[in-house]
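Please look through the sequence and the model shown here before reading on. The paragraphs after them are meant to be followed with the structure in view.

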Amino acid sequence: MMVHRYWRIALVAPVIGFLLGAAVVGVMSLGSNPQARAGQTIEGVVRAILGFGAVGLVVSIAALVGGVVLVGCLDRHLAKSSGVRTALAALGAAGGVLVLGIVFATVQGIIGAGWAYLIITFTVVLATAAGIAAAFLVHRAERRSERTRPERGEHPLPSAWVDF
């Protein structure tokens with residue numbers, strides 16, 4: 001039942017994550033000083049877009065896994081209300097991103113790069129954004145499933161067993 005209802009989210013979420021990651025490059029480029037923009041090459045811009053897009057893709061997959069796990073564990077048969085499922089998906093997505101960020105910050109701390117606090121700060125921002133995006137996507141999926149209820153089909157051959 002979950003796959004039937006949320007398969008569109010599983011297809012769209014990685015694409016949205018990649019595009020949002022690539023959009024960060026555009027925002028950073030537009031916000032930088034003119035000398036830095038003038039020194040950029042096409043190769044550097046493409047490399048930055050692909051790099052930030054890959055980070056967005058990984059973050060969206062972590063959010064997708066977190067949302068699926070939390071909704072799957074706490075509402076396996078989709079018996080709760082759509083608002084509860086939306087909240088569970090948002091919390092699960094944020095939790096999945098937080099777990100990814102904590103693991104990454106721990107690895108960076110062990111290596112000794114000294115960037116763990118900055119990674120955790122970015123992770124909190126990314127987790128908030130992932131939770132909001134997951135809530136929006138699940139809310140839309142829930143509204144779609146409420147609008148398109150399966151109708152009972154007519155049996156081509158009426159019989160006593162069909163009417164029973």
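What follows goes through one helix, then a pair of helices, and then a loop residue.

This is a predicted model, in which local features need pLDDT of at least 70 and side-chain atom pairs count only at pLDDT 80 or more, while totals for chains, interfaces and linings use all residues. Residues are numbered from 1 along each chain as its sequence is written, and side-chain values use heavy atoms, with hydrogens and water left out.

Helix H5 covers residues 116–147 and reaches 46 Å from its first C-alpha to its last, close to the 46 Å expected at 1.5 Å a residue for its 32 residues. Helices here are DSSP runs (H or I, at least four residues), numbered from the N terminus, and the expected span is 1.5 Å times one less than the number of residues. Among the buried residues of H5 (under 20% relative accessible area, 1.4 Å probe, protein chains only) are Ile119, Leu137, Val138 and Glu142. The buried residues of H5 pack against helices H1 (2–31), H3 (42–74) and H4 (82–111), where contact means heavy atoms within 4.5 Å.

The axes of H3 and H4, lines fitted to C-alpha atoms over the stretch in contact, come within 6 Å and cross at roughly 130°. That angle makes H3 oblique to H4, since oblique covers angles from 35 to 65 and from 115 to 145 degrees. The contact includes Val58, Gly66 and Leu74 of H3 and Arg85, Gly92 and Leu100 of H4.

In the loop between H3 and H4 lies Leu78, which has a positive phi of about 55° although it is not a glycine. Leu78 is buried, with a relative accessible area of 10%.

Technical notes. Helix = DSSP H or I, 4+ residues; strand = E, 2+ residues; numbered from the N terminus. Buried < 20%, exposed > 50% of the residue type's maximum accessible area, 1.4 Å probe, protein only. Axes fitted to C-alpha atoms, helices over the stretch in contact; angles between N-to-C directions.
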